[in-house]
Amino acid sequence: IPLAEGLQLAARYAGSREHHVLEAAIKLATVREDFLGGRLGPAYAAWVRRVFGPHARALGVRARPAEDEEVQLTRPKLAEFVARRGEDSKLIADARALAESWLSRPRAVAAEMVSPVLAIAGRFGGRDFHTALEQRLDRTADLDLRDWLLGGMAATRVPELLDDNVAVATSGRLDPREISRVLEAE
């Protein structure tokens, strides 16, 4: 479908409480970043914040007691989409704080939120956070944890850190199946 129609349809379902519907709306609303040069990038981010932001900010990045399953399934994708593509400052700050907590207390973050929180913090964090992820990667053999850490590292937009990711990928420290994960910058 034409992009304009897809965005209109996505906006109609951006507040859905059903995770399947919301995930479909997010897919419709996701525009390739290389299509968003010049003024289109900030305009698109503002649109994401305006359309999906209220729902994402209401859910936040932290699990709450007695939440229903739909909220638990909705929060990860919605928070990551609005923080990363909408550059929502509240969600970014909350995710970065939660990621920092996770580094010292992994149980501080609900399992379904670890990957999105690390990806958000990795995208908007700097060298210190990237280094912390890399150090944690060297200390674990847990495949899920390694995938989350590599995703956080890959999310960076800092050119020097992308070079560091290439160095990690070619260092021999990764399982061959993990190499593409650290190189798939989004």
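This is a guided tour of one protein chain, moving from the overall fold to the core, a pocket and two single residues.

Begin with the whole chain in cartoon view, keeping in mind that the model is predicted. The secondary structure comes to 10 helices and 0 strands, and, read along the sequence, the pattern is α-α-α-α-α-α-α-α-α-α. The radius of gyration is 17 Å, close to the 16 Å that the globule rule gives for 186 residues, so the chain is as compact as a globular protein of that length. If you align the view to the principal axes, the C-alpha trace spans about 45 × 45 × 25 Å. Of the contacts with a separation of 6 or more, 65% are between residues 24 or more positions apart.

Next, turn to the interior, where buried residues make up 45% of the 186 residues in the chain. The largest nonpolar core has 49 residues, and to find those with the most contacts inside it you can select Trp47, Phe52, Leu78, Phe81, Val82, Trp102 and Leu118. Keep Trp47 selected and show its surroundings: not counting residues up to four places away in sequence, Trp47 touches Leu7, Ala10, Ala11, Ala29 and Phe52.

From the core, Trp102 leads on to the second largest pocket, since Trp102 is listed in its lining together with Pro106, Arg107, Val109, Ala110, Ala111, Arg136, Asp142, Asp144, Leu145 and Trp148. The volume of this pocket is about 160 Å³. Colouring the lining by class gives 7 nonpolar, no polar and 4 charged residues, and the largest share of the lining, 3 residues, comes from helix H8, which covers residues 143-154.

Now select Arg181, which is placed in helix H10 (residues 179-183). Is this arginine buried or exposed? Its relative accessible area is 19%, and because the cut-off for buried is under 20%, Arg181 counts as buried. Leaving aside neighbours within four places in sequence, Arg181 is in contact with Ser115, Asp147, Leu150, Gly151 and Ala154.

Finish at Thr170, in the loop between helix H9 (159-169) and H10. Thr170 has a relative accessibility of 64% and therefore counts as exposed, the cut-off for that class being over 50%. For a last distance, pick the C-alpha atoms of Thr170 and Thr131, which are 39 residues apart along the chain and separated by 17 Å.

Definitions and conventions
Residues are numbered from 1 along each chain as its sequence is written. This is a predicted model: local features need pLDDT of at least 70, side-chain atom pairs count only at pLDDT 80 or more; totals for chains, interfaces and linings use all residues. Side-chain values use heavy atoms; hydrogens and water are left out. On a 1 Å grid over the protein atoms alone, a cavity is a set of points where a 1.4 Å probe fits but cannot get out, and a pocket is an open set with protein on both sides within 12 Å along at least five of seven lines; lining residues have an atom within 4 Å of a point. Grid points are joined across faces, edges and corners, and a volume is the space filled by probe spheres set on the points. Helices (H or I, at least four residues) and strands (E, at least two) are DSSP runs, numbered from the N terminus. Ala, Val, Leu, Ile, Met, Phe, Trp, Tyr, Cys and Pro count as nonpolar, Asp, Glu, Lys and Arg as charged, and the others, Gly among them, as polar. A nonpolar core is a set of buried Ala, Val, Leu, Ile, Met, Phe, Trp, Tyr and Cys residues joined through side-chain atoms within 4.5 Å. Buried means under 20% relative accessible area, exposed over 50%, partly exposed in between (1.4 Å probe, protein chains only). Contact means heavy atoms within 4.5 Å. The radius of gyration is taken over C-alpha atoms; the globule rule is 2.2 Å times the number of residues to the power 0.38.
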